[in-house]
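Work through the exercises below with the model open. Each task is followed by its solution.

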Amino acid sequence: MTAYRIGEAAAVLGVSADTVRRWIDAGRLDAGRDPQGHRSIAGADLAAFARSLGDDAEPGSAHSSARNRLPGIVTAIARDTVMAQVDIQAGPFRLVSLMSREALDDLGLEVGSRATAVIKSTTVVVERTGRG
């Protein structure tokens, strides 16, 4: 059975270890103890908790068929007369969007703006990281 230590769970969820500890202490996330006495979270429990976080609707979000919504902050913008590149940092993930300059101007984005990357794709590549 796969189990995650606090730091590993924090990395998977994109939050601090202190946040995971607070969720455990508040009873939002179940944790047991490993043979060394460290808190650990069963993989299935962590997956269910992660899914519940994703099910929480983002306040003010529009209804959409896209299910992959990653809120973040705009960290860089490169623009010319026709196109623009917008970098968003969403937790530990850097996302890059190419859009028209007109779309960028309509959105009013600037470095430091909050933005949500909405991803809808017919291809998603899954890689297994680590063992467990």
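**Exercise 1: one face of a helix**

In helix 1, the buried residues are Ile 6, Ala 9, Ala 10 and Leu 13. Buried means under 20% relative accessible area, exposed over 50%, and partly exposed in between, with a 1.4 Å probe and protein chains only. The model is predicted: local features need pLDDT of at least 70, side-chain atom pairs count only at pLDDT 80 or more, and totals for chains, interfaces and linings use all residues. Residues are numbered from 1 along each chain as its sequence is written, and side-chain values use heavy atoms, with hydrogens and water left out.

Task: work out how the buried residues of helix 1 are arranged around its axis.

Solution.
1. Look down the axis of helix 1: its buried residues fall within an arc of 100°, so they line one face of the helix. The arc is that of the directions from the helix axis to the C-beta atoms.
2. An α-helix has 3.6 residues a turn, so residues three or four places apart point the same way.

**Exercise 2: two helices packed**

Task: describe how helix 1 packs with helix 2, and name the residues that meet.

Solution.
1. Take the geometry. Helix 1 spans residues 6-13 and helix 2 residues 17-25; they pack at an angle of about 105°, with axes 8 Å apart. Helices are DSSP runs (H or I, at least four residues) and strands likewise (E, at least two), numbered from the N terminus.
2. Classify the angle. Helix 1 and helix 2 are therefore roughly perpendicular (65 to 115 degrees).
3. List the contacts (heavy atoms within 4.5 Å). Ile 6, Ala 9, Ala 10 and Leu 13 of helix 1 meet Ala 17, Val 20, Arg 21, Trp 23 and Ile 24 of helix 2.

**Exercise 3: a pair in strand 5**

Task: compare the settings of Asp 87 and Gln 85, and find what joins their side chains.

Solution.
1. Locate them. Asp 87 is in strand 5 (residues 83-90), and Gln 85 is in strand 5 too.
2. Check accessibility. Asp 87 counts as buried, at 7% relative accessibility. Gln 85 counts as partly exposed, at 30%.
3. Find the link. A polar contact of 3.2 Å joins the two side chains, Asp 87 and Gln 85. Such a contact is a pair of N or O atoms within 3.5 Å; within protein, one must be able to donate a hydrogen and the other to accept it, and residues adjacent in sequence count only if both atoms are side-chain atoms.
4. Add the other neighbours. Beyond four places in sequence, Asp 87 contacts residues including Ile 73, Thr 75 and Leu 95. Gln 85 touches, among others, Ile 77, Ala 78 and Ser 97.

Conventions
Axes fitted to C-alpha atoms, helices over the stretch in contact; angles between N-to-C directions. Parallel < 35°, antiparallel > 145°, perpendicular 65-115°, else oblique.
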